Amino acid sequence: MKAETFLYLVTRGRNSGLPRRMEVWFVELDQVFYVLAESRDRADWVRNIEANPDVSFSIGNRRNAFSAVDTTDGLGRVVDEAGEAELIERVRAQMLAKYRWMDGMIVEIAPRR
């Protein structure tokens, strides 16, 4: 059985400036990654991204957080629910198909090019 993969997201604490790492489910569309914040803008990591969109991430499993994608610098942003309906629909459909779950605020993690 193949190990489940996760996106390992590192934000900077909005007050401390210290790195904050979390493990989260994700989907990929057009080489950009999307994650869900179940507690929406109350989530500390979402607040961190809103204060400083510079993030880093890797993709892997619990045995090796870098097994699929090495650490990559990126930019995070909250997807605009009012203005990006088509993107939201695509992300939610992918989340539902992959995890049978799609609730929460959508956050985009785009690799720096």
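Begin by selecting strand E7 (105-111), which is mostly covered, with seven of its seven residues buried. Keep in mind throughout that the model on screen is predicted. If you show the side chains of E7, you will find that Met105, Val107, Ile109 and Pro111 point one way, while Ile106, Glu108 and Ala110 point the other way, and that all are buried.

Next, add the strands that pair with E7. Five bridges join E4 to E7, and the two run antiparallel; within this pairing, Tyr34 has Glu108 as its bridge partner in E7. Strand E6 (residues 69-78) also pairs with E7 in the antiparallel sense, again over five bridges, and here the bridge partner of Gly74 in E7 is Pro111.

Now widen the selection to the whole sheet, an open one of seven strands in the order E2-E1-E5-E6-E7-E4-E3, with antiparallel pairing. E2 and E3 stand at the edges, and because each has a single partner strand, one side of each is left without a neighbour in the sheet. Neighbouring strands are turned by 35° against each other on average, direction ignored. At the E3 edge, E3 and E4 pair in the antiparallel sense over three bridges, and Glu28 stands opposite Phe33 in E4.

Turn on the two helices next. H1 lies across E1, E2, E4, E5, E6 and E7, running at about 55° to E1, whereas H2 lies across E3, E4, E6 and E7, running at about 140° to E3.

With helices and strands displayed together, select the largest nonpolar core, which has 31 residues; those with the most contacts inside it are Leu7, Leu9, Tyr34, Trp45, Val91 and Ile109. Among the elements that give two or more residues to this core are helix H1 (44-51) and helix H2 (85-99), together with strands such as E1 (6-12) and E7 (105-111), while the largest share, six residues, comes from E4. Which residues does Val91 touch, leaving aside its neighbours within four places in sequence? Its contacts are Val27, Leu29, Tyr34 and Ile106.

Move then to Asn61, in the loop between E5 and E6. Is Asn61 buried or exposed? Its relative accessible area is 15%, and because buried means under 20%, Asn61 counts as buried. The side chain of Asn61 reaches the backbone nitrogen of Asn64 at 2.8 Å, and, leaving aside its neighbours within four places in sequence, Asn61 is in contact with Ala3, Glu4, Tyr8 and Ser67.

Finish with the salt bridges, of which the count comes to seven. Select Arg62 and Glu23 as one of them, with side chains meeting at 2.7 Å, N to O; Arg62 lies in the loop between E5 and E6 and Glu23 in strand E2, so the pair ties together parts that are 39 residues apart in sequence. Arg62 is exposed, with a relative accessible area of 64%, whereas Glu23, at 33%, counts as partly exposed.

A further salt bridge joins the side chains of Arg40 and Glu81 (2.3 Å, N to O). Arg40 lies in the loop between E4 and H1 and Glu81 in the loop between E6 and H2, so this pair ties together parts that are 41 residues apart in sequence.

Asp54 and Arg112 also meet in a salt bridge (2.2 Å, N to O), which links Asp54 in strand E5 to Arg112 in the segment after E7, 58 residues apart. As a last selection, take Arg77, Glu84 and Glu108, which salt bridges that share partners join into one network.

How values were computed. Residues are numbered from 1 along each chain as its sequence is written. This is a predicted model: local features need pLDDT of at least 70, side-chain atom pairs count only at pLDDT 80 or more; totals for chains, interfaces and linings use all residues. Side-chain values use heavy atoms; hydrogens and water are left out. A nonpolar core is a set of buried Ala, Val, Leu, Ile, Met, Phe, Trp, Tyr and Cys residues joined through side-chain atoms within 4.5 Å. Buried means under 20% relative accessible area, exposed over 50%, partly exposed in between (1.4 Å probe, protein chains only). Helices (H or I, at least four residues) and strands (E, at least two) are DSSP runs, numbered from the N terminus. Contact means heavy atoms within 4.5 Å. Two strands pair if DSSP finds at least two bridges between them. A polar contact is a pair of N or O atoms within 3.5 Å; within protein, one must be able to donate a hydrogen and the other to accept it, and residues adjacent in sequence count only if both atoms are side-chain atoms. Axes are lines fitted to C-alpha atoms, for helices over the stretch in contact, and angles run from 0 to 180 degrees between N-to-C directions. A salt bridge is a side-chain nitrogen of Lys or Arg within 4 Å of a carboxyl oxygen of Asp or Glu.
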